[in-house]
Structure formats: structure tokens, C-alpha cells
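User: Hey, got a minute to walk through a structure with me? I'd like to go through the sheet, the charged pairs and the pocket.

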Amino acid sequence: MAFLTAKRSSAALLLLGLSVSLAACGVAAHDIAAILAARPDLREFSGRLASTGLAYDIDQRNASLTVLAVDNAGMALLKARRLPRATVRRHLSLHVLLDYYDQARLQSLPRGSSEVVSTLLPASSRPGAGASGKVRIVAPGPGLGAGEPVAFLPMGLGPGYWRVALFVRSVYEAPADISVLQVSAVMSGGGRQEATD
């Protein structure tokens, strides 16, 4: 009996050591490519996350995240504009929220309220550079229909156009870890700076 107990203890220590070793080797905390692979309609978004290095940043982040994914049709405008890689990265960085939001949390927001959340887009140190790196989540206000969607608005934009993204549906939820929510459009990071990237 003592032999079996010692063997179980050794096996438990081996598994613990293996877990610590894998963590030290930088095993990804998330696998956004695998999550998005189940949805062919999000293929363009997934490809842009990979090509800009954002997929790596998401996977290495050991904290709760929400990814606001855009379908292939919604990505078409971004693709057609042939923007530089840095500009595409800036736009899509606004779509990685540094907090966990799922459909239930969005639906629990009081009507007409809003919350501000940080994103992977760092606040720029350049004066007038555009986005602050934060997104305001806005619940539909009183007087709007019950079916009105939650909106995501980039904050601190400089001169130029901007675009709001509306909640469409939940794609993937792993509570307190990572969620992927589909939204209607790519949020902009400011209009005038695109020409200089």
C-alpha cells in the first residue's frame, strides 16, 4: 500500500513539474486561430489577426479577453482599401478588449448605460494621433426597441471618420478566459493618420 501511495505521489509531482515547465516555455494561454477556424465566415478576420501579429499577442496574453470578430463581408471594406499593415493592426487592436464580456454580460448592462474598456491598442504618445486605446460599450437607451444591439465605439479619435461596431452574436465563450463576439463592422482608429503609415 505504501508503495502505491509513493508511486501516486511521484506521478503527481511529475505532472506538476510538467505543467510548470510548459508554463515557463511560454505555452499559449489562448488559441484564437483554433477558435475562429470553426467559422469560415470569419476567415478574413482570422487571417488579418495572424498577418498583423495580433493572433500571437492574443495567444500569449495570460488574462481574460474579448475578441470582437467581423465576418468576411464586414472585412471587405478594410481589404479593398489596401491599408498598410500598421494601420490594419491599429484598427483590429481596437477589437481586442482587455476584459471578459460575453452575451449575458452585454445583456445585463442597464439600459442607456455605458462602460469603458481598454484594448490592445496602446494610447498613442503622438499628439492628435487618434485613438486612446479604449472602447466605450453602450447599451441601448430607453425608448429604443428591445432588440436594439449593444454598440462598441472607439474613444479619443482625432479628426476624420470613425465607425461604430454593433453586437451581432456570440461566437465562443470560455467564462473568465476568452470570448469571441461577432460585431457588424471594423471600428476605425481615426481617418487622417492612415495616409502616413
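Analyst: Sure, here is a run through those topics, and keep in mind that the model is predicted.

User: Good. What's the strand order in the sheet, and is it open or closed?

Analyst: It's an open sheet of seven strands, ordered E2-E1-E7-E6-E5-E4-E3, with mixed pairing.

User: Which strands stand at the edges?

Analyst: Those are E2 (96–97) and E3 (114–118). Each has a single partner strand, so one side of each has no neighbour in the sheet.

User: And E7, how many of its residues are buried?

Analyst: Six of the six residues in E7 (residues 178–183) are buried, so the strand is largely enclosed by the rest of the structure. Ile178, Val180 and Gln182 point one way, while Ser179, Leu181 and Val183 point the other way, and all are buried.

User: How does E7 run relative to E1, parallel or antiparallel?

Analyst: Parallel, with six bridges joining E1 to E7. If you want a spot to look at, Leu68 sits opposite Leu181 in E7.

User: Same thing for E6 and E7, parallel or antiparallel?

Analyst: Antiparallel there, and six bridges join E6 to E7. Phe167 stands opposite Val183 in E7. The two strands form a hairpin with three residues between them, and Ala176 in that hairpin takes a positive phi near 65°.

User: What about E5 with E6, how many bridges?

Analyst: Two bridges, with E5 (residues 151–154) and E6 (residues 165–174) paired in the antiparallel sense. Phe152 is opposite Ala165 in E6.

User: Back to E1 for a second. Where does Leu65 sit, and what does it touch?

Analyst: Leu65 is in strand E1 (residues 65–70). Its relative accessible area is 0%, so it is buried. Leaving out residues up to four places away in sequence, Leu65 touches His30, Ile58, Val96, Leu97, Leu98, Asp99, Tyr100, Asp177, Ile178 and Ser179.

User: And how far is Leu65 from Ala176?

Analyst: Their C-alpha atoms are separated by 8.2 Å, with the two residues 111 apart along the chain.

User: OK, switching to charges. How many salt bridges are there?

Analyst: The count comes to six. Three of the residues, Glu44, Arg48 and Lys79, are linked in a network of salt bridges.

User: Take me through that network. What's the distance for Arg48 and Glu44?

Analyst: Their side chains meet at 3.2 Å, N to O. Arg48 and Glu44 are four residues apart in helix H3 (residues 43–52), so about one helical turn separates them. Arg48 counts as buried because its relative accessibility is 17%, and the cut-off for buried is under 20%.

User: And Lys79, how close does it get to Glu44?

Analyst: The closest N and O atoms of Lys79 and Glu44 are 3.8 Å apart. This pair links distant parts of the chain, with Lys79 in helix H5 (residues 72–80) and Glu44 in helix H3, 35 residues apart. At 48% relative accessibility, Lys79 counts as partly exposed.

User: Which residue does Asp57 meet in a salt bridge?

Analyst: Arg89, and the N to O distance is 2.5 Å. That one also links distant parts of the chain: Asp57 is in helix H4 (residues 54–60) and Arg89 in helix H6 (residues 85–93), 32 residues apart.

User: Are those two buried or partly exposed?

Analyst: Asp57 has 26% relative accessibility, so it counts as partly exposed. Arg89 also counts as partly exposed, at 27%.

User: While we're on H6, which of its residues are buried, and what do they pack against?

Analyst: The buried ones are Thr87, Val88, Arg90, His91, Leu92 and Ser93. The buried residues of H6 pack against H3, H4, H5 and E2.

User: Last topic, the largest pocket. How much space lies in it?

Analyst: About 230 Å³. Twelve residues line the largest pocket, and the closest to its centre are Leu106, Gln107, Pro140, Glu148 and Val150.

User: Which element gives the largest share of that lining?

Analyst: Helix H7 (residues 103–107), which contributes three residues.

User: And what classes of residue make up the lining?

Analyst: Eight nonpolar, two polar and two charged residues line the largest pocket.

User: Great, that covers my list. Thanks!

Conventions:
Residues are numbered from 1 along each chain as its sequence is written. This is a predicted model: local features need pLDDT of at least 70, side-chain atom pairs count only at pLDDT 80 or more; totals for chains, interfaces and linings use all residues. Side-chain values use heavy atoms; hydrogens and water are left out. Two strands pair if DSSP finds at least two bridges between them. A salt bridge is a side-chain nitrogen of Lys or Arg within 4 Å of a carboxyl oxygen of Asp or Glu. Buried means under 20% relative accessible area, exposed over 50%, partly exposed in between (1.4 Å probe, protein chains only). On a 1 Å grid over the protein atoms alone, a cavity is a set of points where a 1.4 Å probe fits but cannot get out, and a pocket is an open set with protein on both sides within 12 Å along at least five of seven lines; lining residues have an atom within 4 Å of a point. Grid points are joined across faces, edges and corners, and a volume is the space filled by probe spheres set on the points. Ala, Val, Leu, Ile, Met, Phe, Trp, Tyr, Cys and Pro count as nonpolar, Asp, Glu, Lys and Arg as charged, and the others, Gly among them, as polar. Contact means heavy atoms within 4.5 Å.
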